[in-house]
Amino acid sequence: MTHIVNHWIGGKTAEGATGTYGQVTDPATGAVTTKVAFASVDEVDAAVAAAREAYVTWGQSSLAQRTSILFKFRALLDAHRDEIAELITAEHGKVHSDALGEVARGLEIVDLACGISVQLKGELSTQVATRVDVSSIRQPLGVVAGITPFNFPAMVPLWMFPIAIACGNTFVLKPSEKDPSAAVKLGELLAEAGLPDGVFNVVHGDKVAVDRLLEHPDVKAVSFVGSTPIARYIHTTASANGKRVQALGGAKNHMLVLPDADLDAAADAAVSAAYGSAGERCMAISAVVAVGAVGDALVEKIRERAEKIKIGPGTDPASEMGPLITKAHRDKVASYVEGAAAEGCEVVLDGTGYTVDGHEDGHWIGISLLDRVPTTAKAYQDEIFGPVLCVLRAETYEEGVALINASPFGNGTAIFTRDGGAARRFQLEIEAGMVGVNVPIPVPVGYHSFGGWKDSLFGDHHIYGNDGTHFYTRGKVVTTRWPDPADAPAGVDLGFPRNH
Ligand code: NAD
């Protein structure tokens with residue numbers, strides 16, 4: 001019998017009431033392993049109602065109470081790393097070690113949430129006028145929602161809800177319908193940690209569930225991570241409905257390799273960052289820009305390394321790269337490689353024919369490497385989200401930077417060089433939210449915020465770090481006077497209040 005993943009509402013499992021289900025596939029075999037309940041408007045309303053009821057108490061709870069639960073949750077998450085990684089591998093397909101890495105990076109945000117008291121510390125100015133003090137405090141918003149993508153089914157929800165609930169909000173998560181199990185496991189662990197019912201809820205589903213969250217009057221803020229077209233839609237729709245929104249979108253991350261770079265280190269980095277998780281990372285390097293004469297040698301070093309990557313089921317410890325999420329996505333990724341030569345690219349490696357013995361129905365694709373890619377090629381212009389690396393050539397540093405800055409995306413970017421002056425210039429001149437200097441995937445640590453520029457983020461706030469705390473709270477400034485009994489009465493004064 002097919003396993004069913006249900007919603008998590010009010011601290012317990014809630015069976016889907018509509019009879020509408022999505023199918024979850026094991027990408028390594030192509031077999032449907034799980035059905036996932038799709039929420040109706042009424043079911044989303046039930047989750048928001050549970051969150052709203054829980055907020056009455058949670059929003060008033062002390063920092064000490066909230067963080068003590070988060071410390072317990074952190075310990076449970078740590079103890080269940082393997083189990084969560086197994087759920088991710090079974091539904092997403094990424095290899096177990098990579099899934100463990102995702103859980104580890106999610107844990108960093110729980111660490112931050114455990115210490116949220118430092119970030120929520122207010123400000124006080126005394127005696128701003130005679131016997132007048134002013135304090136600034138930040139308070140929770142109420143019910144907030146998160147809508148997350150398939151490629152990090154544990155980490156991306158963990159970017160959001162630990163901070164949100166640490167700040168005193170209650171949360172409704174709509175995870176990807178393609179790999180929903182990790183989100184429910186996180187709900188179970190939160191309950192085991194002692195989180196009151198209704199503070200964290202999960203509804204599964206598609207556009208019906210998302211649209212209801214975007215319009216629900218009790219949802220005060222929406223955090224979204226996913227593709228650019230949907231991020232733009234979420235930002236526009238939720239903003240029009242009066243909500244605070246942060247919507248992180250897709251990417252085309254470039255790595256600029258200067259002629260003085262350590263080419264072996266650059267090739268190692270390019271291969272790791274392009275093909276890790278089969279390229280299904282928003283911070284994957286998908287375009288290398290080789291400056292000056294290094295192009296041929298760099299492409300050769302990348303090819304040598306890429307050919308050795310072991311592709312197979314994520315459950316096999318020997319596998320370094322797993323399959324793609326769906327058959328449809330696999331075919332779309334292949335289409336970019338199939339059309340590359342006609343668009344003027346040199347196809348150095350073509351992974352489209354790859355399959356794994358005994359797993360012929362899995363969503364397999366091998367490694368593809370395209371050289372001398374023109375900026376007009378679809379393989380360059382689109383976010384492919386698969387194991388396809390484009391190499392472009394630039395004569396100079398300036399030409400390379402101009403090329404990168406012309407991209408509509410601005411998530412992450414990296415420079416490989418031994419020249420500190422060039423690296424410093426790059427940091428200041430490049431139009432992207434996250435920059436790596438000899439670091440190919442510059443995902444910031446939890447206490448620095450994560451976010452892109454341009455079509456990679458809609459909204460003013462990056463996610464987690466100080467921006468996360470700011471996003472999930474609103475400011476209040478209190479001006480206080482305690483007159484001395486000896487003071488003469490101030491009397492009526494219709495003039496605008498001045499400080500003296
Ligand atoms: P997606 O945009 O298809 O889906 C993301 C979420 O939106 C899912 O929960 C999905 O159910 C929902 N959704 C999909 N279509 C919708 C619609 N028409 N209306 C309302 N909701 C809808 O993204 P995905 O394929 O799951 O994830 C991959 C994408 O996410 C890539 O583009 C990747 O770059 C991006 N991503 C970005 C970041 C980042 O931090 N910038 C991180 C991870 C992934």
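These are my notebook entries on a ligand site and several single residues looked up in this structure.

**Entry 1: the model.** I note at the outset that this is a predicted model. I number residues from 1 along the chain, as the sequence is written.

**Entry 2: the ligand.** I began with the bound molecule and asked where the ligand sits. I found the ligand in the largest pocket. I then looked up the residues around the ligand, and there are 26 of them. Those that come nearest are Lys 174, Glu 177, Ser 227, Gly 249 and Glu 383. Turning to secondary structure, I recorded that helix H8 (207-215) supplies at least two residues of the shell around the ligand, and that strand S11 (219-225) does so as well.

I next read off individual distances. For Lys 174, an N or O atom of the side chain is 2.8 Å from an oxygen atom of the ligand. For Glu 383, a side-chain N or O atom is 2.5 Å from an oxygen atom of the ligand. Gly 249 takes part through its backbone, where an N or O atom lies 2.7 Å from a nitrogen atom of the ligand. On its own the ligand has 840 Å² of accessible area, and the protein covers 88% of this.

**Entry 3: Thr 352.** I located Thr 352 in the loop that runs between strand S15 (346-349) and strand S16 (368-371). Is Thr 352 buried or exposed? I count Thr 352 as buried because its relative accessible area is 15%, and buried means under 20%. Setting aside neighbours within four places in sequence, I listed its contacts as Arg 330, Ala 334, Val 337, Glu 338, Ile 365 and Ser 368. I also recorded a polar contact of 2.6 Å between the side chains of Thr 352 and Asp 350. As a check on distance, I compared Thr 352 with Gly 30: 322 residues separate them in sequence, and their C-alpha atoms are 17 Å apart in space.

**Entry 4: Thr 89.** I placed Thr 89 in helix H3, which covers residues 81-92. Thr 89 is buried, since its relative accessibility is 6%. Beyond the residues within four places in sequence, Thr 89 is in contact with Lys 94, Val 95, His 96, Ala 99, Gly 314 and Thr 315.

**Entry 5: Glu 431.** I found Glu 431 in the loop between helix H15 (420-429) and strand S20 (434-437). Glu 431 is partly exposed because its relative accessible area is 35%, which falls between the limits of 20% and 50%. Apart from residues up to four places away in sequence, Glu 431 touches Asn 405, Gly 410, Trp 453 and Lys 454. Glu 431 and Gly 452 are 21 residues apart in sequence, with a C-alpha to C-alpha distance of 9.1 Å.

**Entry 6: Lys 454.** I followed the contact from Glu 431 to Lys 454. Lys 454 belongs to strand S21, residues 453-454. Lys 454 counts as partly exposed, as its relative accessibility is 28%. Its phi is near 50 degrees, a positive value in a residue other than glycine.

**Entry 7: Ala 278.** I asked which sign phi takes at Ala 278. Phi is positive there, at about 55 degrees, although Ala 278 is not a glycine. I located Ala 278 in the loop between helix H10 (263-275) and strand S14 (285-291). With a relative accessible area of 1%, Ala 278 is buried.

Definitions and conventions
Predicted model: local features only at pLDDT ≥ 70, side-chain atom pairs only at ≥ 80, totals over all residues. Heavy atoms only, no water. Helix = DSSP H or I, 4+ residues; strand = E, 2+ residues; numbered from the N terminus. Buried < 20%, exposed > 50% of the residue type's maximum accessible area, 1.4 Å probe, protein only. Contact = heavy atoms within 4.5 Å. Polar contact = N/O pair within 3.5 Å; in protein donor to acceptor, adjacent residues only side chain to side chain. Near = heavy atom within 4 Å. Areas by Shrake-Rupley, 256 points an atom, 1.4 Å probe, with all protein chains shown as cover. 1 Å grid on protein atoms, 1.4 Å probe; cavity = no way out; pocket = protein on both sides within 12 Å on 5 of 7 lines; lining within 4 Å. Sits in = over half its atoms within 2 Å of the grid points.
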